[in-house]
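Welcome, and please open the model in your viewer. We will walk through it stop by stop, with something to select at each one.

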Amino acid sequence: MPRTTEIHDLLGIGLGPANLALALALDPHMMRFRFLERKPRFGWHEGMLLEDATMQVSFLKDLVTQRDPTSPYSFLCYLKERGRLSAFLNLREFNPTRREFHDYLAWCAGHVAEHVDYDTEVLGIDLAPISDRAGPGGTLSVKVRSGSYVRQIHARNISLALGLKPRMPEGIVADRRIWHSGDLLHRLEGLTPPRAHAMPSSAPGRAPPKR
């Protein structure tokens, strides 16, 4: 018998904070879902993770607290598991550093890793032929590529969370020394500081000319 193609109830494209929050809210016992991410691993604005730079929002605006304050995936639960809860509270500061919040997001991504395909690029989305298993709304066929392997994934629903696209001011062209802030740390790593110009010296035994 031919192998039956699995139909997912939900397919998420992109694994930024929005789809990551959705993944944490889904119950794997109630539905079949999968998330696709083009990057080889989870990452969130990694080029802007400056040392000591803080978030502009409270830690309570994490991935779960406003939906379910008792969730085991809250920022407070993350701090407790990392052994950082007391230290964070003693700072008397409700805005974590960007690096720590990135670590929190990666910690959450680790909890749903079995439902994520990294290093996977979406090539196209089409309506799939209607079948008895598709349900009244039919399904969508998503063409994806992982390395050199191309395959189709079928889903009844799709959640698109592609993130923001960096944009330069009008009239400004990116080059070797001009870039978007999202690439700051990556570009600084390979930046060579300009050489200092040597001051001209007088010939030995001769005084500099008077002016």
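What is the order of the strands in the open sheet of four strands? Colour by secondary structure and look for β1-β7-β6-β5, an open sheet with mixed pairing. Strands here are DSSP runs of E with at least two residues, helices are runs of H or I with at least four, and both are numbered from the N terminus. Two strands pair if DSSP finds at least two bridges between them.

Before going on, a word on the source: this is a predicted model, in which local features need pLDDT of at least 70 and side-chain atom pairs count only at pLDDT 80 or more, while totals for chains, interfaces and linings use all residues. Residues are numbered from 1 along each chain as its sequence is written, and side-chain values use heavy atoms, leaving out hydrogens and water.

**The whole chain**

Zoom out. The chain has five helices and eight strands, and from the N terminus they run β-β-α-β-α-α-α-β-β-β-β-β-α. Of the 211 residues, 31% are buried, where buried means under 20% relative accessible area with a 1.4 Å probe, counting protein chains only.

**Along the sheet**

Select 7–8 and 121–127. These are the edge strands β1 and β5, and each pairs on one side only. Now add 140–146, which is β6: six bridges join β6 to β5, and the two run antiparallel. Look for leucine 127, which stands opposite leucine 140 in β6.

Next, click alanine 155, which lies in strand β7 (residues 149–155). Alanine 155 is buried, with a relative accessible area of 0%. Leaving aside residues up to four places away in sequence, alanine 155 touches Ile7, His8, Leu11, Thr139 and Leu140; a contact means heavy atoms within 4.5 Å. Try a distance label too: the C-alpha atoms of alanine 155 and aspartate 9 are 5.7 Å apart, although 146 residues separate them along the chain.

**Helix α1**

Select residues 17–25. In this helix, Asn19, Leu20, Ala21, Ala23 and Leu24 are buried. What covers them includes β2 (10–13), β3 (33–36), α4 and β8 (158–160).

**Where α2 meets α4**

Show 75–82, which is α2, together with 98–111, which is α4. How do these helices pack? α2 and α4 make an angle of about 95 degrees, with their axes 10 Å apart. Axes are lines fitted to C-alpha atoms over the stretch in contact, and angles run from 0 to 180 degrees between N-to-C directions. α2 and α4 are therefore roughly perpendicular, a label for angles of 65 to 115 degrees.

Turn on side chains: Phe75, Cys77, Tyr78, Leu79, Glu81 and Arg82 in α2 meet Glu100, Phe101, Asp103, Tyr104 and Trp107 in α4.

**The aromatic rings**

How many aromatic pairs does the structure hold? There are twelve. Rings of Phe, Tyr and Trp (its six-membered ring) pair if their centres lie within 6.5 Å, and planes over 60 degrees apart count as edge-to-face.

Centre on phenylalanine 75. Its ring and that of phenylalanine 88 have centres 5.5 Å apart and planes at 70 degrees, so the pair is edge-to-face. Phenylalanine 88 sits in helix α3 (residues 85–90), 13 residues from phenylalanine 75, and both are buried.

Now swing to tyrosine 104. The rings of phenylalanine 75 and tyrosine 104 have centres 5.5 Å apart and planes at 80 degrees, so this pair is edge-to-face. The pair joins α2 to α4 across 29 residues, and tyrosine 104 is buried, as is phenylalanine 75.

For the last view, select Trp44, Phe59, Phe75, Tyr78, Phe88, Phe101, Tyr104 and Trp107, which ring pairs link into a cluster.

Key:
Rings of Phe, Tyr and Trp (its six-membered ring) pair if their centres lie within 6.5 Å; planes under 30 degrees apart count as stacked, over 60 as edge-to-face and the rest as tilted. Buried means under 20% relative accessible area, exposed over 50%, partly exposed in between (1.4 Å probe, protein chains only). Angles under 35 degrees count as roughly parallel, over 145 as roughly antiparallel, 65 to 115 as roughly perpendicular and the rest as oblique.
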